[in-house]
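Work through the exercises below with the sequence and the coordinates open. Each task is followed by a solution in steps.

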Amino acid sequence: MTIDLSTMPGSSSSRLLDAAAGRKDMNFFKNRYVLGLTGVAGIGGFLFGYDTGVISGALLYIRDEFPAVKDNLFLQETIVSMALLGAILGAAGGGWINDAYGRKKSTLLADLMFALGSLVMCAAGGPYVLILGRLFVGLGVGIASVTAPVYIAEAAPSEIRGGLVSTNVLMITGGQFFSYLVNLGFTEVPGTWRWMLGVAAVPAIIQFVLMLFLPESPRWLYRKDEKAKAIAVLEQIYDSGRLEEEVELLALASMHEFQSNCTGSYLDIFRLKELRLAFFAGAGLQAFQQFTGINTVMYYSPTIVQMAGFTSNRLALLLSLVVAAMNASGTIVGIYLIDRCGRRRLALTSLAGVVLSLVILATAFILQSSSSLCGSLFSGSCQGVLGWFAVGGLALYIAFFSPGMGPVPWAVNSEIYPEAYRGMCGGMSATVNWISNLIVAQTFLSIVGWVGTGPTFLIIAGIAVLAFIFVALYVPETKGLSFEEVDLLWKERAWGSQGSHESLLGAAP
């Protein structure tokens, strides 16, 4: 559904919305200030990716060091998933922290959690201290997962907002790739897993220092009535003509918020129809991102590779490194496409490929499990071929998932909520992501034990089909729209074109 801007009245609101047509020709990628803000904020994404990815390799050596862990699948799953529990708490509280204290202070708090957790894990003398460190790191991950996309989105020009927010996802996948590289590099070093987990303190400290010199989000500053500071930040991003448009849009949004008495209550998220629809779309995308299996692959890819018949720890890590590199490379493709093809089309194409690749992956494991027939016909060669077939399915899955369902949920959730609710809704939506993530991480190995690897991937393929239907029905296209235009889109979905028209009339000066 689209908004017919041509029907809007000749007010200040109409004039500002008419300017949207010219934005597509503007290019802000050369603006070093915007890229600098994006890069520093993206370190939070890098830490997010590193701390969630590094455990996949470290777990192989933690099992060797602690006998209590080696034969206890539940304890292994807990070590992996405790960071996710922390992320749930961090995301749930991070939305409120963002709205109350700002994006900058939220980032600094996340860095403190990252550094503390990394040092605790590095020094852990047993599995339970290690789990405590994972909890601290998870708190940092949860706060960062809310803060970084919103901070970038609120500083980004609307026509390249999707690409810049997706840069944070590139940092996440880059962090996962780097974690695999570190895992591989430390395989022969004494204290292997301690180095793997402890090195994350370094980028956390770097971001903390750099963030001290960066400004607060201009939209948060304007909403907190620090208009001079907000305009000073915007002057570094836009030329004079575009600056006037952006300031007027902020003024209109602020006036509408005042007239509507929008105090940002959690109850409003479920009471207001347009906000409820937006949250349903955003939270649904976040849930399906996890239930379609991405972090099953990223957390357990060395284990999956070993299930496919490659028993060497080092070879498993090496093949998993290739998978992580493909994930990062696919995200770069997503950055290029998301502001050209749009969020919705990219997600639908991604999910179609995910279904295909999961069926291939499931088929490889199902055939491999029929070892008696296969062994009598081809002996060990069949197992080897099927092992590589499984790895190929894994690679194909990443190739389809990473450009679409990797960045799209984060980009959409950074732009679909009104100003007064962006932190709260973003935090709640990220919490849905982490709860889904926790369920997947805590149950994957157990489900594999109950029904087998092949059927498990078939279940995930079925969920991906449901995700495709969800996106087709409930997720609108937001490519190139300003925050104010996105607000109108949801009002039109909730109340029809008359509702969005009246909203503009009420906000017009």
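Two rings of Phe, Tyr or Trp (for Trp, the six-membered ring) form a pair if their centres lie within 6.5 Å; planes under 30 degrees apart count as stacked, over 60 as edge-to-face, and the rest as tilted. The model is predicted, so local features need pLDDT of at least 70 and side-chain atom pairs count only at pLDDT 80 or more, while totals for chains, interfaces and linings use all residues. Residues are numbered from 1 along each chain as its sequence is written, and side-chain values use heavy atoms, with hydrogens and water left out.

**Exercise 1. Aromatic pairs**

Task: find which residues ring pairs link into a cluster, and classify the pair Phe270 and Phe279 by its geometry.

Solution.
- Step 1. Searching the whole structure gives 15 aromatic pairs.
- Step 2. For Phe270 and Phe279 the ring centres are 6.0 Å apart and the planes meet at 80°, so this pair is edge-to-face.
- Step 3. Burial is read from relative accessible area (buried under 20%, exposed over 50%, partly exposed in between; 1.4 Å probe, protein chains only). Phe270, at 47%, is partly exposed, whereas Phe279, at 12%, is buried.
- Step 4. Phe288 and Phe470 make a tilted pair, with 5.4 Å from centre to centre and 50° between the planes. Helices are DSSP runs (H or I, at least four residues), numbered from the N terminus. Phe288 belongs to helix H14 (residues 273–291) and Phe470 to helix H22 (residues 453–474), so the pair ties together parts that are 182 residues apart in sequence. Phe288 and Phe470 are both buried.
- Step 5. The cluster linked by ring pairs consists of Phe280, Phe288, Phe470 and Tyr474.

**Exercise 2. Salt bridges between distant parts of the chain**

Task: state how many salt bridges the structure holds, and locate the partners of the bridge between Glu159 and Arg242.

Solution.
- Step 1. The criterion is a side-chain nitrogen of Lys or Arg within 4 Å of a carboxyl oxygen of Asp or Glu. The structure has 16 such salt bridges.
- Step 2. In the bridge between Glu159 and Arg242, the closest N and O atoms are 3.2 Å apart. Glu159 is in the loop between helix H6 (127–155) and helix H7 (161–185), and Arg242 is in helix H12 (residues 240–259), so the bridge ties together parts that are 83 residues apart in sequence. Both residues are buried.
- Step 3. Glu415 bridges to Arg161, with 2.8 Å between the closest N and O atoms. Since Glu415 sits in the loop between helix H20 (408–413) and helix H21 (422–451) and Arg161 in helix H7, this pair ties together parts that are 254 residues apart in sequence. Glu415 and Arg161 are buried.
- Step 4. Arg219 and Glu419 meet in a salt bridge with an N to O distance of 2.9 Å. Arg219 lies in helix H10 (residues 218–223) and Glu419 in the loop between H20 and H21, so parts that are 200 residues apart in sequence are tied together. Arg219 and Glu419 are both buried.
- Step 5. Through shared partners, salt bridges join Asp99, Arg103, Glu154, Arg219, Glu419, Arg422 and Glu484 into one network.

**Exercise 3. Charges over rings**

Task: identify which ring Lys227 lies over, and which ring Lys273 lies over.

Solution.
- Step 1. The test requires NZ of Lys or CZ of Arg within 6 Å of the ring centre and within 35 degrees of the ring normal.
- Step 2. Lys227 lies over the face of Tyr222, 5.0 Å from the ring centre.
- Step 3. Lys273 lies over the face of Trp495, 5.5 Å from the ring centre.

**Exercise 4. Helix H2**

Task: compare the expected span of H2 with the distance between its end C-alpha atoms, and find where H2 bends.

Solution.
- Step 1. The expected span is 1.5 Å times one less than the number of residues. Helix H2 (residues 32–65) has 34 residues and should span 50 Å; its end C-alpha atoms are 47 Å apart, which agrees.
- Step 2. A bend is the angle between axes fitted to the seven residues ending at a position and the seven starting there. H2 bends by about 45° at Ala58.
- Step 3. H2 is mostly covered, with 27 of its 34 residues buried.

Note on methods
Helix = DSSP H or I, 4+ residues; strand = E, 2+ residues; numbered from the N terminus.
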